[in-house]
Amino acid sequence: MPSDSFDTTVAHPARRYNYWLGGKDNFAADRANGDAVEAAMPTIRLMAVENRRFLGRAARFLAQQGIRQFLDIGTGIPAPGNTHEVVQAVDPTAKIVYVDNDPIVLSHARALLTSAPSGTVAYLDADLREPRAILAAAADTLDFTQPVGLLLVAVLHFIRDDEDPQGIVDTLLEALPSGSYVVATHATWQFTPADAVEKLQAANPDGRFAPRNGTDFVRLFDSLKLVEPGLTSVAHWRADDEAEQPRPSAEDVSCFGIVARKS
Ligand SMILES: C[S@@+](CC[C@H](N)C(=O)[O-])C[C@H]1O[C@@H](n2cnc3c(N)ncnc32)[C@H](O)[C@@H]1O
């Protein structure tokens, strides 16, 4: 179900995340909901920043492993360090297909489509809950006989259990040839005190946000081999070279990250 509406009176994940990252592409409803979440989870902005840093480190890692084609689903409003900027800095011929279902992301797609001249960047207005449609359209740009880097960064927690996250992930993984990689992150309330969880639930009235514990998140990728150090907070995955040391705690950055390889 691609985007067909632009309702600014309801908070949207892409615009709320943009607000937490200090961006300007958000509306009063996004800020109000973002503030309600922040009241219950005061480190939410740090979590957004650390998720973004993880995305940069993991995308660079894939490019360094020789991956030259990327499918980035739930890409978000453009922000410094977009996937194509990171991977085309390693190889300007890299191809990237961005996917999102938020109309505001679509309205910014031109800002995402600033490929290096020798590479390719495409944008699909599509929904993760329809993975076959994504794969069919992405095949116009990506060659699914060659390894692909699949990015599911901070998007699976918008897929509820009744929407079959395992089936969605399996459909995407089946399309990837051996040697492909997955980068995924997922918010959790595993470390969050019960009174804060109550407030977070109140700030999530439509139930669209579905945090999971680490075990349930990583189980979605059971068929793959995790790259070291395996399941960690996004703040800790291969972060020794980050400027900010010591790294924030897993409790403060309540978001898991993995990089995994299909053999
Ligand atoms: C928190 S942002 C993450 C952006 C980027 N991946 C990052 O980590 O910096 C989540 C994005 O997923 C998108 N999203 C949520 N549900 C989606 C769905 N069912 N299909 C496609 N995109 C979705 C939102 O519109 C938003 O842009």
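I'll start with one contact: Asp-161 and Arg-212 form a salt bridge through their side chains, at 2.8 Å from N to O. Asp-161 sits in the loop between strand 4, residues 149-152, and helix 8, residues 165-174, while Arg-212 sits in the loop between helix 9, residues 194-202, and helix 10, residues 214-219, so the bridge ties together parts that are 51 residues apart in sequence. The two ends differ in their surroundings. Asp-161 is exposed, at 60% relative accessibility. Arg-212, in contrast, is buried, with a relative accessible area of 8%.

Before going further, a caution: this is a predicted model. Everything I quote is computed from that model.

Staying with salt bridges, a network is also present. Asp-127, Arg-129, Arg-160, Asp-162, Glu-163 and Arg-208 are joined into one network by salt bridges that share partners. One of the links is between Arg-160 and Asp-162, where the closest N and O atoms are 3.0 Å apart. Arg-160 is partly exposed, with 25% relative accessible area. Asp-162 is exposed, at 61%.

How many salt bridges does the structure hold in total? The count is 14. The other one I want to show is between Arg-247 and Glu-50, with 2.7 Å from N to O between the side chains. Arg-247 belongs to the loop between strand 7, residues 232-233, and strand 8, residues 255-261, and Glu-50 belongs to helix 3, residues 44-64; the pair therefore ties together parts that are 197 residues apart in sequence. Are these two residues buried or exposed? Arg-247 is buried, with a relative accessible area of 17%; the cut-off for buried is under 20%. Glu-50 is buried as well, at 1% relative accessibility.

Now the chain as a whole. The secondary structure comes to ten helices and eight strands. The C-alpha trace spans about 50 × 40 × 35 Å along its principal axes. A compact globule of 263 residues would have a radius of gyration near 18 Å, and the protein chain has 17 Å, which agrees. Of the 263 residues, 55% are buried. If we take contacts between residues at least 6 apart in sequence, 75% of them join residues at least 24 apart.

On the surface, the accessible area of the protein chain is about 11,400 Å², and carbon and sulfur atoms account for 52% of it. As for charge, there are 24 positive and 35 negative charges, and their mean positions are 4 Å apart.

Next, helix 8, which follows the loop that holds Asp-161. Which residues of helix 8 are buried? They are Pro-165, Ile-168, Val-169, Thr-171, Leu-172 and Leu-173. The cover over these buried residues includes strand 1, residues 69-73, helix 7, residues 131-138, strand 4, and strand 5, residues 181-187. As background, an α-helix has 3.6 residues a turn, so residues three or four places apart point the same way.

Last, the backbone details. I have four to point out, beginning with the loop ahead of helix 8. Asp-164 has a positive phi of about 65 degrees, although it is not a glycine. Asp-164 is in the loop between strand 4 and helix 8, and is partly exposed, with a relative accessible area of 44%.

Where is the other non-glycine residue I have with positive phi, Arg-238? Arg-238 is in the loop between strand 7 and strand 8. The phi of Arg-238 is about 45 degrees, and at 41% relative accessibility this residue counts as partly exposed.

That loop between strand 7 and strand 8 also contains Pro-246. The peptide bond from Gln-245 to Pro-246 is cis, with omega near -5 degrees. Arg-247, from the salt bridge with Glu-50, lies in this loop too.

The remaining cis peptide bond on my list joins Glu-228 and Pro-229, with omega about 5 degrees. Pro-229 lies in the loop between strand 6, residues 225-226, and strand 7.

To recap for discussion: the bridge between Arg-247 and Glu-50 ties together parts 197 residues apart in sequence, and the bridge between Asp-161 and Arg-212 ties together parts 51 residues apart. Both ends of the first bridge are buried. In the second, Asp-161 is exposed and Arg-212 is buried. And again, the model is predicted.

Key:
Residues are numbered from 1 along each chain as its sequence is written. This is a predicted model: local features need pLDDT of at least 70, side-chain atom pairs count only at pLDDT 80 or more; totals for chains, interfaces and linings use all residues. Side-chain values use heavy atoms; hydrogens and water are left out. Helices (H or I, at least four residues) and strands (E, at least two) are DSSP runs, numbered from the N terminus. The radius of gyration is taken over C-alpha atoms; the globule rule is 2.2 Å times the number of residues to the power 0.38. Buried means under 20% relative accessible area, exposed over 50%, partly exposed in between (1.4 Å probe, protein chains only). Contact means heavy atoms within 4.5 Å. Accessible areas come from the Shrake-Rupley method with a 1.4 Å probe; for residues, only the protein chains shown count as cover. Lys and Arg count as positive and Asp and Glu as negative; His and the chain ends are not counted. The place of a charge is taken as NZ of Lys, CZ of Arg, CG of Asp or CD of Glu. A salt bridge is a side-chain nitrogen of Lys or Arg within 4 Å of a carboxyl oxygen of Asp or Glu.
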